[in-house]
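User: I would like to go through this model with you and ask, term by term, what justifies each description.
Analyst: Gladly; the structure comes up here.

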Amino acid sequence: MDSAVVVENLSKTWRPPLGPPQPALSGLTLTIPRGAAFGLIGPNGAGKTTFIKLLLAVARPTGGTVEVLGGDPEDTRIRARVGYLPERMHLPAALSGGDFLRSVAALKRLRPSEAALRVSMERVGLGTTKQRIATYSKGMRQRLGLAAALLGGPDLLVLDEPTDGIDPVGRVELRELLVAERRRGTTLLVNSHLLAETERVCDRIGILDRGRLRLEGTLEEVRRSSTHWVARFAEGAPADRLREAGFVATGDGWAFTGPLGGPDAEALNAALDRARAAGARLVELAPSSRDLEQVLSETLERPL
Amino acid sequence: MRQVWRVGLDLLLEAIRRRWFLALFAFVTLALVLVGQALQVQVVDGAIAGSTLFGEVLFDDIFLADRVLGPVYLATAYLGFFVGIPVLAVACCDFAPELMAPGRIEHLLSLPVARWQVVAGTYLGVVTLAAATTLYASAGLTVLLGLKTGLWNGRLVLASMVGWVGFCALYAPMLAAAIVVRSAALSAATGFVTLVFGVMSSVREQIIPSLEPGLGRFVFRWAVMPFPRLGTLARASAHLASGQTVPADHLGRLVGGALIFSAALLALSAYQFERKDF
């Protein structure tokens with residue numbers, strides 16, 4: 001499959017002038033297919049922003065390789081195809097929103113008309129191009145940053161905490177906007193603390209913790225990366241025999257954990273055969289599907 | 001090269017939108033208007049018969065206009081160099097640190113612009129701004145004195161451009177300092193130190209004999225050697241303004257030295273910036 005991002009054995013250690021070196025990423029290997037919406041989640045200090053900076057050549061890796069849209073992110077032709085919204089974007093307060101977009105467009109070698117700039121701003125819910133950025137609220141600044149990232153229809157959109165400071169209505173609008181971008185074929189890389197938002201927008205998830213990729217896959221895979229299946233049996237199933245077969249009673253049925261700690265098909269079927277032989281009638285079997293919060297908590301092996 | 005200009009133009013646009021710079025231009029305009037109103041000059045057949053400033057008689061003898069304007073231009077050129085340049089340096093000292101603010105530099109570097117272009121564009125934007133301010137003030141004063149005395153020449157404008165070369169040499173280490181440590185104060189202090197060392201470099205041969213032979217003299221000689229001779233450049237600028245002869249090769253060496261110093265510091269800045277992680 002064609003890939004938007006390929007990183008291999010990527011590592012980064014920050015070396016502050018004073019103080020000890022701070023490892024941020026170690027041995028990260030990851031591929032993001034083109035057209036995917038990839039959500040990067042993890043606790044503070046996990047290395048998410050560092051990872052994004054390495055993808056954009058804002059920082060250089062200590063080791064490993066980075067390939068973005070089939071090329072080196074140091075290449076300005078590659079970066080021309082990437083839209084980026086940094087975390088806590090700092091905008092030049094003296095300029096108007098229109099000035100800023102015009103400036104970004106010029107650096108992206110675009111020549112949008114005034115009408116096109118207005119459309120870009122309206123698309124992110126900003127009314128006028130003339131208002132000075134100094135008078136913008138936090139949410140408006142975020143929206144302007146997003147408008148800048150979307151200029152020129154990028155092939156890869158990298159958003160670091162895109163909903164930071166945006167109200168709930170704005171979040172819905174942002175989600176619709178990102179869905180529209182995906183429909184256009186844009187690859188999304190979203191780093192957000194808002195797991196519910198990530199879950200709604202992204203179809204692939206990566207969990208980063210202490211500089212290492214702990215879990216990665218499609219949203220379904222990640223949510224089912226549980227160590228158990230949940231079975232429901234018809235009324236009258238013998239509880240003691242089910243326990244003997246390896247099932248554990250839970251709130252919503254009987255959970256089965258395979259001998260290797262994963263959803264092992266052989267072990268599951270053997271347990272089901274034993275349950276059926278004891279008179280239990282299976283009515284439903286499903287892998288346990290959890291929300292991202294649970295997945296993250298279990299992956300990190302600590303409560304969030 | 002287009003990207004360099006774009007970075008520079010963005011900086012100019014930001015400067016224009018900043019009230020500080022509007023205030024600076026307003027101040028220069030006000031000063032010119034004030035001097036224009038306060039200075040009364042009586043001109044008879046190309047000679048100045050008398051002059052008052054704020055009603056005070058400056059002189060009432062008859063002098064050739066050129067003889068009177070010479071010292072005025074000389075003083076103005078010195079003032080521009082030793083007061084105007086530091087004021088401009090302070091006014092421009094936060095452009096680079098502001099550009100490298102967290103959340104802004106990441107965005108800028110994610111755009112299709114090479115790092116050296118960011119450095120060159122920032123430098124170009126600031127020195128263009130300084131040139132515009134210098135030209136505005138010197139041309140304004142030339143027009144004002146021309147209207148008052150009937151004597152027209154471009155010496156002050158030419159001298160101000162020589163002074164501007166001095167600013168170019170001052171801003172290059174300021175930019176380098178801002179790249180190493182993102183601090184407007186440190187950048188301004190670097191400019192001040194460069195000016196002081198540049199003046200000392202001009203008179204180093206006079207200073208050295210007064211130092212004890214040995215390590216002190218050795219350190220002083222080598223410490224000031226890399227700096228362009230800004231004091232001599234200021235003198236050349238003032239002499240040009242007052243109509244005194246400045247040998248072309250002497251001026252060429254001074255301007256060339258300042259430009260080479262600027263280019264070297266700019267290359268160092270680009271090298272530092274290229275290696276820096278944000």
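**The terms and what supports them**

Analyst: 26 residues of chain A are in contact with 21 residues of chain B, where contact means that the C-beta atoms of two residues, placed from the backbone, lie within 7 Å. This is a predicted model, in which local features need pLDDT of at least 70 and side-chain atom pairs count only at pLDDT 80 or more, while totals for chains, interfaces and linings use all residues. Residues are numbered from 1 along each chain as its sequence is written, and chains are lettered from A and ligands numbered from 1 in the order in which they are written.

User: Which elements of chain A supply at least two residues each of the side that touches chain B?
Analyst: They are α2 (76-79), β5 (82-85) and α3 (97-107) of chain A, and α3(A) gives the most, with five residues. Helices (H or I, at least four residues) and strands (E, at least two) are DSSP runs, numbered from the N terminus. By class, that side of chain A has 15 nonpolar, three polar and eight charged residues, with Ala, Val, Leu, Ile, Met, Phe, Trp, Tyr, Cys and Pro counted as nonpolar, Asp, Glu, Lys and Arg as charged, and the others, Gly among them, as polar.

User: Why are α1(B) and α6(B) called oblique to each other?
Analyst: The axes of helix α1 (residues 2-17) of chain B and helix α6 (residues 115-149) of chain B come within 7 Å and cross at roughly 45°. Axes are lines fitted to C-alpha atoms, for helices over the stretch in contact, and angles run from 0 to 180 degrees between N-to-C directions. Angles under 35 degrees count as roughly parallel, over 145 as roughly antiparallel, 65 to 115 as roughly perpendicular and the rest as oblique; α1(B) and α6(B) are therefore oblique. By class, their contact has ten nonpolar, seven polar and one charged residues.

User: What makes β12 of chain A a paired strand, and with which strands?
Analyst: Two strands pair if DSSP finds at least two bridges between them. Strand β10 (residues 229-233) of chain A pairs with strand β12 (residues 253-256) of chain A in the antiparallel sense over three bridges, and W229(A) stands opposite F256(A). Strand β11 (residues 247-250) of chain A also pairs with β12(A) in the antiparallel sense, over four bridges, with A249(A) having W254(A) as its bridge partner. β11(A) and β12(A) form a hairpin with two residues between them.
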